[in-house]
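The turns below take some labels used for a structure and ask what lies behind each of them.

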Amino acid sequence: MNEDRWYKNAVIYSLSLDSFLDSNGDGVGDFAGLLDRVDYLQGLGVTAIWLMPFHPSPRRDHGYDVADYYGVDQRYGSLGDLVEFTQACRQRGIRVLMDLVLNHTSSDHPWFQAAIADRNSHYRDFYIWAEERPEDAEKGMIFPGVQETTWTWNEQAQAFYFHKFYEFQPDLNLANPDVRSELLKIVGFWLELGISGFRVDAVPFLIAADGINVKDPEPAFELLRHLRDFAQWRKGEVVFLAEANIPPEDCTPYFGEAGDRLQMMFNFPVNQALFYALASGDASRLKDKLRASRKVPPNAQWAHFLRNHDELDIGRLPDQQREAVFAAFGPDENMQLYGRGIRRRLAPMLGGDRAKLELAYSLLFTMPGTPVIRYGDEIGMGDDLSLPEREAARTPMQWSTDRNAGFTSSHSPVRPVIDEGPYGYRKRNVAMQRASSDSFLRWTERTLRMRKELIEIGHGDFTVLDSPQHILAMRYAHNGRVSVYVHNFLDERVEFAINVADERGCERDLVCLQSNRPIPSSGDGRYELVLEPHGYRWFRMGGLEDMVVDRRPAADTSAPSAD
């Protein structure tokens, strides 16, 4: 089995097809529109694209209610359009990941329809049933305030069915071997069409003991290994990226002791701690969560993000810290969701402040792992709080000052384009920012280019250096390359010192990669630094051009002495 660790130095760009670019004027983005923008994404510095669900679906939950695992929703195009897109990406060195929704199907899925129609159907045991309403039916809802129960009565089936999410998303019975076999077929099918990886939705619920009726959760984790083994025999480069909001110290069963389960996981605890640091100026919790994230197998990798397609989930922060984040970034009730999250885009959360935006993205790009960017954040897109729930942060991409931001020629886009205020498309769009050398889009391009040269971030070991509580200082080392990254969470100028242990001695300068200015050591690996308000600096020992010294003993080429 050939394992390709391309994900170690990747830049992932997440997007929703329906909101990216409409090619045929029906108001819905599609594969043909996305194909037309592959070169834009390559130029940005993207090396992998993560697609939200594109299967046939009633779309009552943005495609996460799948009605056919083997198809493409006709609004987005055809299987042929998908293959054309994956081939174009492959030619440009870009991998394609897709959402893999294994926890549940749509209630419109033929499996569920067959299950409710006939108690003796082969598909009846594809789902989880109860003759009487369980006592805990009102517990464990994913969407409190919107969802009322996890067990719903189906009149046709004459039974209750289990659904961790909405009632139109019945959970699959993953204890059933036939269900598992079908899921492997689904994975194999998409690998043949050019897919290189899967973002696995809701992994903790996928393997939860209460969902698949097992007393010992360990067999449930074996499903992750089976998926990995099956997929890698088909395609060695395949990657599974888990959505699992769990503490870093609990990650081992997901990665596997030997790194033989999921290769990647989103680091939600670091994400939550990062936003608390941005809100309070105190990076102590962020440092703790980063240190706790160090113990992963060599072939495992964290995926880091700022915002995604859901709400910013801060539910695991202590009460006082959670309230501080709400106060800073979502003070109004209509900005909050499910009692645990903020349904806003990054730019308006940070007040459109360029220094804070650069700080946030510099943090993302220097976290230990793989950065994941949300479409539109590279131009600082805003949100539309008049839209319901998570829709607020899912408005169409803003390409130009043309009608509907150049997204569609239709008078009825899938969601309204933001057309007013500081985040309206006439003021924020790709075309305008591409023409400006000091735009946020250009800054993002330059920063990603430099980030990809610093392979020690994705491949190396990292250390959180001692520093004041409002400063995050991190050191990476890999194959002789040593780099240091410092960030200031305060709105004031700060002078401080860090101690950088350098395996080649302390004689080398720290070269600032933003200014190419060297900073000499003051002795014993100690460096005196200054950061502006919300400032950041990236350093490489000796600079990017510094050659790595070969430490292997030199061969003895002296001639033998004559006796």
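A polar contact is a pair of N or O atoms within 3.5 Å; within protein, one must be able to donate a hydrogen and the other to accept it, and residues adjacent in sequence count only if both atoms are side-chain atoms. Helices (H or I, at least four residues) and strands (E, at least two) are DSSP runs, numbered from the N terminus. The model is predicted: local features need pLDDT of at least 70, side-chain atom pairs count only at pLDDT 80 or more, and totals for chains, interfaces and linings use all residues. Residues are numbered from 1 along each chain as its sequence is written, and side-chain values use heavy atoms, with hydrogens and water left out.

Q: What makes the approach of Asn176 to Asp178 at the start of α5 a polar contact?
A: A side-chain oxygen of Asn176 comes to within 2.9 Å of the backbone nitrogen of Asp178, and the limit is 3.5 Å.

Q: How do you know what span is expected of helix α5?
A: The expected span is 1.5 Å times one less than the number of residues. Helix α5 (residues 177-192) has 16 residues, and its 23 Å from first C-alpha to last is close to the expected 22 Å. After α5 comes Gly194, with a positive phi near 105°.

Q: Why is His478 called buried?
A: Buried means under 20% relative accessible area, exposed over 50%, partly exposed in between (1.4 Å probe, protein chains only). His478 has 19% relative accessibility, so the residue counts as buried. His478 belongs to strand β16 (residues 471-478).

Q: What makes the His478 and Asn479 pair count, given that a polar contact between residues adjacent in sequence needs two side-chain atoms?
A: The 3.3 Å contact joins the side chains of His478 and Asn479.

Q: Which residues does Phe198 touch?
A: Contact means heavy atoms within 4.5 Å. Leaving out residues up to four places away in sequence, Phe198 touches ten residues, including Trp190, Leu191 and Phe240.

Q: What makes a set of residues a nonpolar core?
A: Buried Ala, Val, Leu, Ile, Met, Phe, Trp, Tyr and Cys residues must be joined through side-chain atoms within 4.5 Å. The largest such core has 146 residues, with Phe198 and Trp190 among those with the most contacts inside it. Helix α10 (residues 268-280) gives the largest share, eight residues.

Q: How do you know that β1 and β14 pair?
A: Two strands pair if DSSP finds at least two bridges between them. Strands β1 (residues 12-15) and β14 (residues 370-374) run parallel and are joined by three bridges.
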